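Q: Could you take me through one part of this model up close? I'd like to see how the last helix sits in the chain, and what the hydrophobic interior around it looks like.

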Amino acid sequence: MESTALSLSNIVRAIRLIASSSPRYGTLFVNTGCNRRCIYCVVPEQGSGVELGSAEWCRIIDKLHGWGVRLGNILGGEPTLRQDLPEIIAHASTKMAVNLTSNGDTFVGPKGRDRLTTLASRGLSLLNLSLHDLGETNRQLDLLAYAKSLGVIPILATVVTKATIGRLPDIMIEATQRGILSRYSF
């Protein structure tokens, strides 16, 4: 595997998604728990405590695939807090391209990199890391560069706040220079 090349299969999946005439995109909120308490987040502060198991998620993924969905976006709370996330991604990746949106906290350090490697090996196609705090810019870009080296399409999702709005162009330029896609989250 080349360290700077994106996985050809992930690029082909994205092209097929764009060319599809069926419903293309499905969002799976796999949990409501999170390790942060961001003031702008739409996820309830307290999770319901009732979450579907991986078998239920696999049945939902099968239904979505049957309806023509070819890109599944996995969100939470913070979806990487689920212990069974690798199994959910493995099943989903047999049916569709899989995008994960995360704050990136569980990917920090050697165990975090192992976690990201596992998700990539299970079929993760795209990784959106949210940039909530300017102090995390380098951390997020480094994690996304690592994801890219694993063949995962990396996307930096900068949360627009009073603190970040003045730096958005610089952040986008830096991401682009590292071969990382960027988008804004309002």
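A: Here's a walk from the overall layout to that helix, then on to the core and one spot on the surface.

Keep in mind that this is a predicted model. The chain has six helices and six strands, and starting from the N terminus they go α-β-α-β-α-β-α-β-α-β-α-β. Of the 186 residues, 45% are buried. Take the contacts between residues at least 6 apart in sequence: 80% of them join residues at least 24 apart.

Now for the helix you asked about, α6, which spans residues 168-177. Leu168, Ile171 and Ala175 are its buried residues. Looking down the axis of α6, you'd find the buried residues within an arc of 65°, so they line one face of the helix. As background, an α-helix has 3.6 residues a turn, so residues three or four places apart point the same way. Over on the other side of α6, Thr176 and Gln177 are exposed. What does the buried side lean on? Its residues pack against β4, α5, β5 (153-159) and β6 (181-185). Just past the end of α6 comes Gly179, with a positive phi of about 75°.

α6 also feeds the largest nonpolar core, as one of the elements that each supply at least two residues to it. That core counts 32 residues, and Ile74, Leu100, Phe107, Leu124, Leu127 and Leu156 have the most contacts inside it. Other contributors of at least two residues include α2 (54-66), β3 (97-102), β4 (126-131) and α5 (137-149). Apart from this core there's another one, made of five residues, with Leu71, Ala97, Ile153 and Ile155 among them.

Ile74 is a good place to zoom in. Setting aside neighbours within four places in sequence, its contacts include Leu28 and Val30, then Pro79, Leu85, Ile88 and Ile89, and also Val98 and Leu100. Asn99 and Thr101 are in contact with Ile74 as well.

Not every nonpolar side chain is tucked away, though: Ile15, in helix α1 (residues 8-19), counts as exposed because its relative accessibility is 54%, with the cut-off for exposed set at over 50%. Together with Leu8 and Ile11, Ile15 forms a nonpolar surface patch with about 300 Å² of accessible area. For the chain, the exposed area comes to about 9600 Å², and carbon and sulfur atoms supply 59% of it.

Definitions and conventions: Residues numbered from 1 in each chain as written. Predicted model: local features only at pLDDT ≥ 70, side-chain atom pairs only at ≥ 80, totals over all residues. Heavy atoms only, no water. Core = buried A, V, L, I, M, F, W, Y, C linked by side-chain atoms within 4.5 Å. Buried < 20%, exposed > 50% of the residue type's maximum accessible area, 1.4 Å probe, protein only. Helix = DSSP H or I, 4+ residues; strand = E, 2+ residues; numbered from the N terminus. Contact = heavy atoms within 4.5 Å. Patch = residues over 30% accessible without salt bridge, like charges linked within 9 Å, V, L, I, M, F, W, Y side chains within 5 Å. Areas by Shrake-Rupley, 256 points an atom, 1.4 Å probe, with all protein chains shown as cover. Salt bridge = Lys/Arg side-chain N within 4 Å of Asp/Glu carboxyl O. Arc of directions from axis to C-beta.
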